[in-house]
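Visitor: I would like a close look at one part of this protein. Please start with the overall chain, then take me to a single helix and its neighbours.

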Amino acid sequence: MDAVDFVAFVLVLGIIIVSLLFNVVVLICFLYNPEIRKQVAGLFTLNLTFCNLLLSVSNMPPTLIGLIIPGHLGGSGFCQIVGFLDTFLTANSMLSMAALSIDTWVAVVFPLSYRSRMRRRDAVIAVGYTWTLSLCFSAVATCRSWVGYHHLYASCTLCNVRAKGAGTQFVVFTLTFHCLTFLITLIVLCVTYLKVLKVARFHCKRIDVITMQTLVLLVDIHPSVRQKCSDEQKQRRLRATKKISTFIGTFVVCFTPYVITRIVEVLCLGPISPHWGVLSKCLAYSKAASDPFVYSLLRHRYRKTCSLLVNQVFKRSPFNPSVGTEKDSGRSNTNSNTADSILPPNNKPVGQ
């Protein structure tokens, strides 16, 4: 094992640990908090968490072993199963992110009609669509024996070496697969989250106008309070942009190198370094480790649930727990947790 492979080994090992730990935490929060389970977005988050956990258990360890021992452990049948799961889970997780972005868009742009537009039945249909499309692609690739151990990525996945006899069919399959998963998801993320950002900026502008009108009336207000209000205005304008950039940026950074490498490989546009292939695969794996933070654990409701769980484990009494419970239970189900984290508060007193 050379230095690059060792770094990749440590990287994959770290991704496995972080992914398993924090996706399990998300799952525990989902099972513990009934308010999270009531949310329509919770079903999409649960599906994404399931994909990340299964990917961490079934696909990452063989890649970890492949970095140490050339080839794969187990027979051809085992590698076929792992390759099937790799195609299925990658597609399913991408489409789940698209579903989450659509849910956020509906919650923010149509808050009053969110309950009628995004019902649990609609969420089940959306999850069923992601499973059906993902199963179709993975089943076709497995039935055609297009999955196997790929030395470029040190993992069992779609393998153009095994599909040499297919020729154009495998090229069309690969391009269609990435267009209907990666490209569609990227377009949906950009369109929906940019719409959400537009609404968030409108609310920030409205809050800024109200704040400035209040400051004009309060002629005897201390200069430090004025400065604090001005700083909060700047923070509100940047907060929504940072969160939207995180949603889109993590998806692009993690999946784009891997997808581009796949397309270059299948179109035979040039030689690809094995080190780059492994690195691109590690970046794709890292999305499973970042998703718990991007979509769940940085949200108020999940943080509150984690705090309650920690207090219960260590048998500590949280400070005034009834306040947080009443706040969560009184919040309308029409405003999803994601929407609450993006939009600025409308009723925040000046100077707080």
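Among contacts in the chain between residues at least 6 apart in sequence, what percentage join residues at least 24 apart? After that, please show me how helix α1 packs.

Guide: This is a predicted model. On your opening point, the share is 82%: that part of the contacts between residues at least 6 apart joins residues at least 24 apart. The chain has 352 residues, and 47% of them are buried. Its secondary structure comes to 13 helices and two strands.

Now to α1. Helix α1 spans residues 3–32, and helix α10 spans residues 274–297. Their axes come within 9 Å and cross at roughly 20°. An angle under 35 degrees counts as roughly parallel, so α1 is roughly parallel to α10. The crossing of the two is left-handed. On the α1 side, the contact includes Val 4, Ala 8, Leu 11, Ile 15, Phe 22 and Val 26. On the α10 side, it includes His 275, Cys 282, Tyr 285, Ala 288, Phe 293 and Leu 297. The residues of this contact divide into 17 nonpolar, five polar and one charged.

Next comes α4, residues 60–68. The axes of α1 and α4 lie 9 Å apart, at an angle of about 160°. An angle over 145 degrees counts as roughly antiparallel, so α1 and α4 are roughly antiparallel to each other. This crossing is left-handed. From α1 come Asp 5, Ala 8, Phe 9, Val 12, Leu 13, Ile 15 and Ile 16. They meet Met 60, Pro 61, Leu 64, Leu 67 and Ile 68 of α4. The split for the contact of α1 with α4 is eleven nonpolar, no polar and one charged.

Stay on α4 briefly. Pro 62 lies in this helix. Leaving out residues up to four places away in sequence, Pro 62 touches Val 82 and Ala 154. The C-alpha atoms of Pro 62 and Tyr 149 are 9.9 Å apart, although 87 residues separate the two along the chain.

Then look at α3. The axes of α1 and α3 come within 9 Å and cross at roughly 150°. That makes α1 and α3 roughly antiparallel to each other. Here too, α1 passes α3 in a left-handed crossing. Ile 16, Ser 19, Leu 20, Asn 23, Val 24, Val 26, Leu 27 and Phe 30 belong to the α1 side. The α3 side includes Gly 42, Thr 45, Leu 46, Asn 52 and Val 57. The residues of the contact of α1 with α3 divide into nine nonpolar, seven polar and no charged.

Finally, the cores. The largest nonpolar core has 36 residues. Those with the most contacts inside it are Phe 44, Phe 182, Tyr 193, Ile 244, Phe 251, Phe 255 and Tyr 295. Elements giving two or more residues to this core include α3, α5, α8 and α10. A second, separate core of 22 residues includes Ala 8, Leu 55, Cys 282 and Ala 288. Ala 8 therefore appears in the contacts with α10 and α4, and in this second core.

Back in the largest core, Phe 251 touches Met 94, Met 97, Phe 182 and Leu 186, among others beyond four places in sequence. Over in helix α5 sits Ser 101. Ser 101 is buried, with a relative accessible area of 0%. Apart from neighbours within four places in sequence, Ser 101 is in contact with Val 188, Leu 189, Thr 192 and Tyr 193.

Technical notes: Residues numbered from 1 in each chain as written. Predicted model: local features only at pLDDT ≥ 70, side-chain atom pairs only at ≥ 80, totals over all residues. Heavy atoms only, no water. Axes fitted to C-alpha atoms, helices over the stretch in contact; angles between N-to-C directions. Helix = DSSP H or I, 4+ residues; strand = E, 2+ residues; numbered from the N terminus. Parallel < 35°, antiparallel > 145°, perpendicular 65-115°, else oblique. Left-handed = near helix turned anticlockwise from the far one by under 90°. Contact = heavy atoms within 4.5 Å. Nonpolar A, V, L, I, M, F, W, Y, C, P; charged D, E, K, R; others polar. Core = buried A, V, L, I, M, F, W, Y, C linked by side-chain atoms within 4.5 Å. Buried < 20%, exposed > 50% of the residue type's maximum accessible area, 1.4 Å probe, protein only.
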